[in-house]
Amino acid sequence: MSGRIVVTGATGNVGTSVVRAFTGDPAVTSVTGIARRVPEWRPERTEWKALDLARGESAARLVEVFRGADAVVHLAWAFQPTHDPVTTWRTNVLGSLRVFEAVAAAGVPALVHASSVGAYSPGPKDREVDESWPTHGWPDAAYTREKSYLERALDAFEREHPRIRVVRMRPAFLFKKESASEQRRIFGGRFLPGAVARPGVLPFLPDVPGLRVQALHTDDAAEAYRIAALSADARGPFNLAAGPPLDAQVLGRMFGARPVRVPAGAVRAAIAAAWRMRVLPASPHLFDAVLRVPLLDSGRARDVLGWRPTRDAESVVEEFLAGMREGAGQATAPLRGRLVG
């Protein structure tokens, strides 16, 4: 397969890596990037379209932009404001439904959708689960609730449009150096100093029961998106993760800090207080969800896509922490770099 690829949410953490992956593939003749704000960044063979998926009038324009595309990769997502879940619902759920409908109306043969480990129901931390694990999310957190809802929407979409090849990517937590400033603003707040990412600054790290997760370099995830979009045989869900699992012991070594066992309830209470005072953007509901997400088995991506991560989780987090210290970013509105502290 070769031709034209459309990427929504093309200026964020995942989107910039996905655009680079496609423009680096000679089989792709052009990439159309959709974002709310057209960036200064100008990768080769890429054109930009300014569209806000939360707005109802975007539906007709999406059909126009999608027409003639060989695949649509849907990445657009809003994490904030966590205090107003109706606003994120408009972008994440209603906007995604508009994308799905436009794919069908424009006759696009393939849809690659960014789901998440957050779509999964609570699962084990001592073993990995495959793609058959239930995707009912954690209903109290907007992020996981929205990801789970879209899994059900795609179930219906596949029944109604069996000729469209649908791929659902379910990656672990994605990091890269250039995303450090954006992710600090989204989850830690714009005034969180980068110095906290320097080894030796923190005397101890909270060791919270259940806080054991996986990470993956965003560029490695982007490679899986590229393969899935261009492969006529790829369809269905794919877990994407790299080892080893990250817990307080692993992170303690990286930060040069001593893990100290702390009850989850105490940490949640502190997060909830900071969130209510609007000091911390990340909600306590998201913390609850993170404690419950399962570990992922990426065997299907390896067997079907021939995909393997090129970096382990520890090196990914080390790169991200270096980005925090440096205020790293990229020339797009979401990834704009900023050094704090």
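The turns below go through two helix pairs and one residue of a predicted model.

Local features here need pLDDT of at least 70 and side-chain atom pairs count only at pLDDT 80 or more, while totals for chains, interfaces and linings use all residues. Residues are numbered from 1 along each chain as its sequence is written, and side-chain values use heavy atoms, with hydrogens and water left out.

Me: What makes H2 oblique to H3?
Reply: Helix H2 (residues 58-66) and helix H3 (residues 85-106) pack at an angle of about 45°, with axes 8 Å apart. Angles under 35 degrees count as roughly parallel, over 145 as roughly antiparallel, 65 to 115 as roughly perpendicular and the rest as oblique. H2 is therefore oblique to H3.

Me: Which residues make the contact between H2 and H3?
Reply: Contact means heavy atoms within 4.5 Å. H2 brings Ser-58, Ala-59, Leu-62, Val-63 and Phe-66, and H3 brings Arg-98, Val-99, Ala-102, Val-103, Ala-105 and Ala-106. By class, this contact has nine nonpolar, one polar and one charged residues. Here Ala, Val, Leu, Ile, Met, Phe, Trp, Tyr, Cys and Pro count as nonpolar, Asp, Glu, Lys and Arg as charged, and the others, Gly among them, as polar.

Me: Why are the buried residues of H2 said to be on the same side?
Reply: Buried means under 20% relative accessible area, exposed over 50%, and partly exposed in between (1.4 Å probe, protein chains only). In H2 the buried residues are Ser-58, Leu-62, Val-63, Val-65 and Phe-66. They cover an arc of only 165° around the axis, so they lie on the same side of H2. The arc is that of the directions from the helix axis to the C-beta atoms. On the other side of H2, Ala-60 and Glu-64 are exposed.

Me: What covers the buried residues of H2?
Reply: The cover includes strand S1 (3-8), strand S2 (28-35), strand S3 (46-50), strand S4 (71-74) and H3.

Me: Why are H8 and H9 called roughly antiparallel?
Reply: Helix H8 (residues 264-276) and helix H9 (residues 284-292) pack at an angle of about 150°. That angle falls in the roughly antiparallel class, therefore the pair takes that name. Ala-264, Val-267, Arg-268, Ile-271, Ala-272 and Trp-275 in H8 meet Pro-284, His-285, Phe-287, Asp-288 and Leu-291 in H9.

Me: How do you know whether Ser-96 is buried or exposed?
Reply: Ser-96, which lies in helix H3, has a relative accessible area of 0%, so Ser-96 is buried. Leaving aside neighbours within four places in sequence, Ser-96 is in contact with His-74, Thr-91 and Leu-150.

Terms used:
Axes fitted to C-alpha atoms, helices over the stretch in contact; angles between N-to-C directions. Helix = DSSP H or I, 4+ residues; strand = E, 2+ residues; numbered from the N terminus.
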